[in-house]
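Please open the model in a viewer and keep the sequence panel visible. The tour below proposes one selection after another and states what is found at each stop.

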Amino acid sequence: MGTTADRFKAAVEARELDAVEELFTEDIRLYSPVKFTPFEGRPMVLGLFGVLLRTFEDFHYVGELTGSAQGADGGSADSTVLVFRATVNGKQIHGIDLLQLDEAGRIKEFTVMVRPQSAVHALGEAVLAGLVEDGLVPQA
């Protein structure tokens, strides 16, 4: 069965959104490098993941670190950092996904950090276009 991180990596790399969904809490928060406030709630975060799975090219995880980290609520949570590489609109991206788990081992907080800045910009544009296309955010 593997850890939550193992199941998450397998689901993302296989682009299986249903398998990702069962790993999230109902009130999950996703902190993005392209938006100041978090994406909140399973429906919104799953919508975002649908866009991301279409947006990232050659996405693959290249490393993993485990431990604990303080969450937004101030408490410590079991956590895993997944290191990834991908391409978006021709820009190479290097990033991390920080997964913070609840007591049942489901992902309650998800933080994404990417570099370089040009890739953050390309990712932001592509994600916004996808969110608008899917009706998840209004057109600016």
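Select Thr-111 to begin; this residue of the predicted model lies in strand E6. Is Thr-111 buried or exposed? Its relative accessible area is 14%, and because the cut-off for a buried residue is under 20%, Thr-111 counts as buried. Now display its surroundings, leaving aside the neighbours within four places in sequence: Thr-111 is in contact with Tyr-31, Ile-96, Asp-97 and Leu-98.

**The neighbouring position in E6**

Move to Phe-110. Outside the four places on either side in sequence, its contacts are Phe-8, Ile-28, Arg-29, Leu-30, Tyr-31, Phe-49, Asp-97, Leu-98 and Leu-99. One of these, Leu-99, stands opposite Phe-110 in the pairing with E6.

**The nonpolar core**

Which residues touch the most other members of the largest nonpolar core? Select Phe-8, Phe-24, Phe-49, Phe-56, Ile-107 and Phe-110, which hold that place in a core of 39 residues. To see where the core comes from, colour the elements that each supply at least two of its residues: helix H1 (4-13), strand E1 (24-31), helix H3 (42-55), strand E3 (57-70), strand E4 (76-88), strand E5 (91-101), strand E6 (107-115) and helix H4 (117-133). The largest share, eight residues, comes from H3.

**Helix H1**

Select H1 next and view it along its axis. Its buried residues are Thr-4, Ala-5, Phe-8, Lys-9, Ala-11 and Val-12. They lie on the same side of H1, because the arc they cover around the axis is only 165°. The general background is that an α-helix has 3.6 residues a turn, so residues three or four places apart point the same way. Just after H1, pick Arg-15, where phi is positive at about 60°.

**The sheet**

Show the strands alone. In what order do the six strands lie in the sheet? The order is E2-E1-E6-E5-E4-E3, in an open sheet with mixed pairing. At the edges are strand E2 (39-40) and E3, each of which pairs on one side only.

Proceed from the E3 edge through the following pairs:

- E3 and E4 are antiparallel and share eleven bridges; select Ala-69 to find its bridge partner in E4, Ala-77.
- E4 and E5 also run antiparallel, joined by ten bridges; Phe-84 stands opposite Gly-95 in E5.
- E5 and E6 pair in the antiparallel sense over eight bridges.

**Turns and unusual backbone angles**

For the next stops, a general expectation is useful: most residues other than glycine have a negative phi, and most peptide bonds are trans.

Select Asn-89, in the loop between E4 and E5. The hairpin of these two strands has two residues between them, and phi of Asn-89 is near 45°, a positive value in a residue other than glycine. Asn-89 is exposed, with a relative accessible area of 57%.

Continue to Asp-58 in strand E3. Asp-58 is not a glycine, yet its phi is positive, at about 50°. With 57% relative accessibility, Asp-58 counts as exposed.

The hairpin of E5 and E6 has five residues between the strands, and Gly-105 in its turn has a positive phi of about 85°. In the loop between E5 and E6, select Ala-104 as well. At 66% relative accessibility, Ala-104 is exposed. A distance label from Ala-104 to Thr-25, C-alpha to C-alpha, should read 9.4 Å, although the two are 79 residues apart in sequence.

Finally, select Pro-116, in the loop between E6 and H4. The peptide bond that joins Arg-115 and Pro-116 is cis, with omega of about -10°.

**The whole chain**

Zoom out to the full chain, which contains four helices and six strands. Along the sequence they follow the pattern α-α-β-β-α-β-β-β-β-α. The C-alpha atoms fill a box of roughly 40 × 30 × 25 Å along the principal axes. The radius of gyration is 14 Å, in agreement with the value near 14 Å for a compact globule of 140 residues.

Colour by accessibility for the last view: 46% of the 140 residues count as buried. The chain exposes about 7500 Å², of which carbon and sulfur atoms supply 52%. Among contacts with a separation of 6 or more, 51% link residues 24 or more positions apart.

Terms used. Residues numbered from 1 in each chain as written. Predicted model: local features only at pLDDT ≥ 70, side-chain atom pairs only at ≥ 80, totals over all residues. Heavy atoms only, no water. Core = buried A, V, L, I, M, F, W, Y, C linked by side-chain atoms within 4.5 Å. Buried < 20%, exposed > 50% of the residue type's maximum accessible area, 1.4 Å probe, protein only. Contact = heavy atoms within 4.5 Å. Arc of directions from axis to C-beta. Rg over C-alpha atoms; globule rule 2.2 N^0.38 Å. Areas by Shrake-Rupley, 256 points an atom, 1.4 Å probe, with all protein chains shown as cover. Pairing = 2+ DSSP bridges.
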